[in-house]
Amino acid sequence: MPRNIPLFLTTLLSVVLCSSCSTLPAMQGRVRRLVAQGEAEQASLVFKRASSGYGRNHELLFFLDRGMVNHYAGHYEESIQDFERAKELYETLFIQSISKKALTWIWNDYAQPYRGEDFERAMLNLFQAMNFVALGKIDEALVEARNVELLLRRFNQQYGEQANVYKDDAFVRFLMGILYESTGRSYDVNDAFVSYRTALEVYGGDYAKFYDLKAPLLLKENLLSATQWMGAADLKQYQSAFPDVPVKSMAERGDSAQVYVILYRRMIANKVQSTIFLPGIDGYLTRISFPKYRNVFQSSKEMALEAKNIEGKIFRSEFQQAEDLNAIAKKNLEDRRLRIAAKAVVRPVAKQLVFEGIEDKIHEKAGDTAGELVRYAGMAYVAFSEEADTRSWETLPAEIRVARLILDAGTYEFFVEGERIGSLTVTSGDQKFLIHWTMK
């Protein structure tokens, strides 16, 4: 036995504390900082220079972040490959056996591969859809968007009464309506109408109640146009509900070009740890840790899209918020708090039982002093080893806004808050898309 017991205990405590430290490599933080600075191209180079990725148990996050960075940088084909790999990993992790997980959960969530939040899985399909939109592959984009509801339903079925509030995505439905319209196929207008109507219902229900986000004016305009084209009986009902929204027929819009700009704004909040200490049994001190999303500043600043033609004439449209990823992330995590709590409470007790068993054996074989040392080490480990799983997909934007300009045929330069984001040549009947990200 060691003669200097205090020194031995201090050393042992240090080992115990260090054994609980398990965080993502600094690489993810570096990538996030570069993206926040508008340096998506530089961030993509970080991935190209990395040979080992994010390290053990973080493979999913590696492909999510790299896919998002490639998306921001306009490397859409590379982003598609990354997101497809992320989908494969999600599926593998979703169906992995309970027995395999049981071998590791007792010690720390970081001992398991990151499985992702449910809303992150839905966002994977959304941004994969946006990759295809950027490449002009509308049918492929629609396949990705349609799968969002199926995925959310699949997740929620396993939770029973503890299902998430986030069970449908209003912006995805809105986007689907726009994409159906853009195919130019007359039979797709019915699907556009159904998508717009469903989007309106989701915005008016869960989105208004839980995220304080109402339906964008642009959705109402498009719904009225599609309802009029369909000759649907609901037209008067919608006109009565939206008396200040002008009805511009789809034929009128078809005589011009429509340019939609999807604006990603700021960066999603990342997770931090929330901890409480509680007295345990037999003198043990129990620490229970929960993940939570940081409270971040969210600007309500209005933003505008401008287009300038070759004559210098300027056309302007206001951006409308269509998705609040911060609000969705926080509510999604809150909804699974009971599922987190069950494990967070049981785990310290399970660890304590393990150490008490070891302590009893050491008492028998090496005496009281050795047994007490193990007891103190066990108490320290149980008290300080609990870490909340604060891993998350940190390169997502905080919100998504949408603007549309209806333009005559011609060549235009497009600007967001004075920043040039691209140029397009359009003809009558065109429906085109631009994607932009900003920290403003």
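Which residue's side chain does Arg185 meet in a salt bridge? I looked this up in what is a predicted model, and I found that the partner is Asp139, with 2.9 Å from N to O. Arg185 lies in the loop between helix 9 (170-182) and helix 10 (188-210), whereas Asp139 belongs to helix 8 (residues 138-157), so I note that the pair ties together parts 46 residues apart in sequence.

I then checked how far each partner is open to the surroundings. Arg185 comes out as partly exposed, its relative accessible area being 28%, and Asp139 is also put down as partly exposed, at 38% relative accessibility.

**Entry on Glu318 and Arg316**

I turned next to Glu318, which I find in a salt bridge with Arg316, where the closest N and O atoms are 3.3 Å apart. For Glu318 I wrote down a relative accessible area of 35%, which makes this residue partly exposed. For Arg316 I have a relative accessible area of 52%, and because exposed means over 50%, I class Arg316 as exposed.

**Entry on helix 14**

Are Asp335 and Lys331 buried or exposed? I looked at the bridge before answering: Asp335 forms a salt bridge with Lys331, and the closest N and O atoms are 3.4 Å apart. Both residues sit in helix 14 (residues 325-335), where four residues, or about one turn of the helix, separate Asp335 from Lys331. As for the question, I find Asp335 buried, and Lys331 is buried as well.

**Entry on a network**

I also followed a set of linked charges, and I record that Glu149, Arg153, Asp168 and Arg173 are joined in a network of salt bridges. How many salt bridges does the count come to? I have 25 salt bridges in my notes.

**Entry on the whole protein**

Stepping back from single pairs, I counted the secondary structure and have 16 helices and ten strands for the protein. Of its 440 residues, 52% count as buried. I also looked at contacts between residues at least 6 apart in sequence, and among these 74% join residues at least 24 apart. For the surface, I noted that the protein exposes about 20,300 Å², of which carbon and sulfur atoms supply 53%.

**Looking back over the pairs**

I set the pairs side by side to close the page. The Arg185 and Asp139 bridge links a loop with helix 8 (residues 138-157), while the Asp335 and Lys331 pair lies within helix 14 (residues 325-335).

Conventions:
Residues are numbered from 1 along each chain as its sequence is written. This is a predicted model: local features need pLDDT of at least 70, side-chain atom pairs count only at pLDDT 80 or more; totals for chains, interfaces and linings use all residues. Side-chain values use heavy atoms; hydrogens and water are left out. A salt bridge is a side-chain nitrogen of Lys or Arg within 4 Å of a carboxyl oxygen of Asp or Glu. Helices (H or I, at least four residues) and strands (E, at least two) are DSSP runs, numbered from the N terminus. Buried means under 20% relative accessible area, exposed over 50%, partly exposed in between (1.4 Å probe, protein chains only). Contact means heavy atoms within 4.5 Å. Accessible areas come from the Shrake-Rupley method with a 1.4 Å probe; for residues, only the protein chains shown count as cover.
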